[in-house]
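Got the model open? Let's walk through it with a few questions and work each answer out together.

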Amino acid sequence: MSSSEELFARAQTLMPGGVNSPVRAFGSVGGTPRYITSAQGAYLHDADGRDYVDLVCSWGPALLGHAHPEVLKAVHAAVDRGLSFGASTPDEAELAALVQGRVPAVERLRMVSTGTEATMTAVRLARGFTGRELVVKFAGCYHGHVDGLLAAAGSGLATLAMPGSAGVTEATAAETLVLPYNDLDAVREVFAVHGARIAAVITEAAPANMGVVTPAEGFNEGLSAITREHGALLILDEVLTGFRVGPAGYWGLTGARAEAGWAPDLFTFGKVIGGGLPTAALGGRAEVMEYLAPLGPVYQAGTLSGNPVAMAAGLATLRAATEQVYATVDARSVELSTALSEALAAEGVQHSIQRAGNLFSVAFGVSEVHNYEQAQAQEVFRYAPFFHSMLDSGVYLPPSVFEAWFLSAAHDDAAMNRIFQALPVAAKAAAA
Ligand code: PLP
């Protein structure tokens with residue numbers, strides 16, 4: 001038995017499914033999850049003494065690569081000053097200012113600990129601000145495991161083929177209206193009927209939890225216009241895309257550059273903003289954000305919110321995330337997705353490379369994917385053999401076809417070459 005097998009066997013007797021987050025159990029690809037003992041740059045090291053080029057990057061945060069020296073230095077210094085004070089610290093405002101410098105529409109920011117908390121608070125705030133109860137979300141978009149946002153939610157629910165979650169009351173589910181992604185007509189129709197009761201539309205800035213789906217030209221901007229017309233708020237969930245696809249997230253790639261310029265009322269951030277430690281945030285228009293306690297009537301709080309060690313990691317990460325870093329990740333993403341597509345084409349495997357900025361994923365057996373229905377119609381069975389072939393060649397992919405592939409600025413030529421060599425063999429496995 002390998003060490004990973006022994007560790008997994010033990011974990012299953014102690015924790016549900018042996019894991020602390022479902023996709024880690026390798027449910028949809030089968031086999032034994034690798035137990036990771038350390039990570040450096042572009043590589044993960046497992047309990048069996050093997051290493052892997054990492055294309056998960058902690059599901060996003062490791063934009064600079066693992067254990068980046070400047071981030072570690074800042075974290076070590078923060079640890080030496082104490083772990084948690086339950087009081088305000090100078091670094092919180094520094095990080096908020098850095099975010100505002102990149103995303104000026106964030107007039108006020110509130111730090112929380114997870115992306116789930118950020119979206120949960122954003123929805124509560126939208127309801128408190130508008131005095132309305134309904135929320136519109138899109139099938140296949142994942143916003144964390146908030147009760148009301150779990151319907152047709154993508155990510156682990158897509159992987160496990162679950163339509164939603166048990167334990168969510170009918171009353172809660174009834175307050176969420178689920179629409180097909182990329183369909184502005186459906187949004188207009190639902191607003192025509194329920195407009196006066198809709199508090200907010202929440203959407204991933206670019207969906208990456210049903211695989212990657214590119215927002216149609218003008219889709220996010222259209223949501224902004226429709227919500228504004230009806231007095232509802234737009235919550236742009238940049239937990240995954242924020243500070244990863246560019247210095248100002250997906251909005252920075254699109255909204256900020258749109259001719260008329262538009263911005264959502266609220267943004268949610270996570271992952272990169274915490275540099276690998278548990279920090280996330282919501283931010284946006286001051287008028288809305290000031291509905292939060294202590295200024296306003298919408299309650300939200302957190303023992304570890306703005307934790308000093310997490311603030312240090314986030315600050316060091318964003319400071320090191322230069323234009324050069326984004327240029328490197330963008331270039332690697334193009335190289336890799338091109339090589340992937342060529343390898344699959346050479347084996348006659350029909351596929352679609354789904355792209356949003358430097359994020360991409362592959363969908364098998366389809367020519368394009370614009371929404372959840374199309375994402376679910378793909379040949380999911382091709383992914384497990386592809387994944388295991390890559391793993392055997394020392395490349396760690398997301399253990400689900402419904403997830404994005406993540407690169408970092410530490411993916412150097414040696415790391416990329418290992419992936420390029422692995423791809424043709426894996427493509428054969430996918431073709432079988
Ligand atoms: N929103 C999006 C778009 C996400 O991708 C995720 C997690 O993957 C979340 C929210 C939830 O974040 P967390 O896992 O930190 O709760």
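Q: What does Val395 touch, leaving out residues up to four places away in sequence?
A: Two residues are in contact if their C-beta atoms, placed from the backbone, lie within 7 Å. Before we use that, note that this is a predicted model, where local features need pLDDT of at least 70, side-chain atom pairs count only at pLDDT 80 or more, and totals for chains, interfaces and linings use all residues. Residues are numbered from 1 along each chain as its sequence is written. With that settled, Val395 touches Tyr52, Val53, Leu55, Met390, Arg418, Ile419 and Ala422.

Q: How many residues are in the largest nonpolar core?
A: A nonpolar core is a set of buried Ala, Val, Leu, Ile, Met, Phe, Trp, Tyr and Cys residues joined through C-beta atoms within 7 Å. Buried means 20 or more other C-beta atoms within 10 Å of a residue's own, exposed means 12 or fewer, and partly exposed is in between, with C-beta atoms placed from the backbone. Ala126, Ala200, Leu233 and Val395 have the most contacts inside the largest core, and its size is 139 residues.

Q: Which helix gives the largest share of this core?
A: Helices here are DSSP runs of H or I with at least four residues, strands are runs of E with at least two, and both are numbered from the N terminus. The largest share of the core is 8 residues, and the helix behind it, residues 308–320, is α11.

Q: Why does this core lie between the two domains?
A: The domain bounds come from an automatic or database domain assignment. The core lies between the domains because residues are given to it by both domain 1 (3–64 + 322–431) and domain 2 (69–320).

Q: How far apart are the C-alpha centres of domain 1 and domain 2, and which strand gives the largest share of the side of domain 1 that touches domain 2?
A: The C-alpha centres lie 25 Å apart. The contact takes 33 residues from domain 1 and 36 residues from domain 2. On the domain 1 side, the largest share is 4 residues, from β12.

Q: Is Leu134 buried or exposed?
A: Find Leu134 in strand β5 (residues 134–138). Among the residues that Leu134 touches are Glu175, Leu177 and His194. Leu134 has 21 C-beta neighbours inside 10 Å, so the verdict is buried.

Q: Is Phe243 buried or exposed?
A: Look in the loop between β8 (233–238) and α9 (249–253) for Phe243. Here's a quirk: Phe243 isn't a glycine, yet it has a positive phi of about 65°. Most residues other than glycine have a negative phi. As for Phe243's surroundings, 28 other C-beta atoms lie within 10 Å, so call it buried.

Q: Which residue forms a cis peptide bond with Ala293?
A: The bond from Ala293 has omega near 15°, and its partner is Pro294. You'll find that partner in the loop between α10 (286–289) and α11, and its name is Pro294.

Q: Which residues come nearest the ligand?
A: A residue is near a molecule if its C-beta atom, placed from the backbone, lies within 6 Å of it. Helix α4 (residues 115–130) gives the largest share of the shell around the ligand, 3 residues. Of the 15 residues around the ligand, the nearest are Thr114, Gly115, Thr116, Gly144 and Val239.
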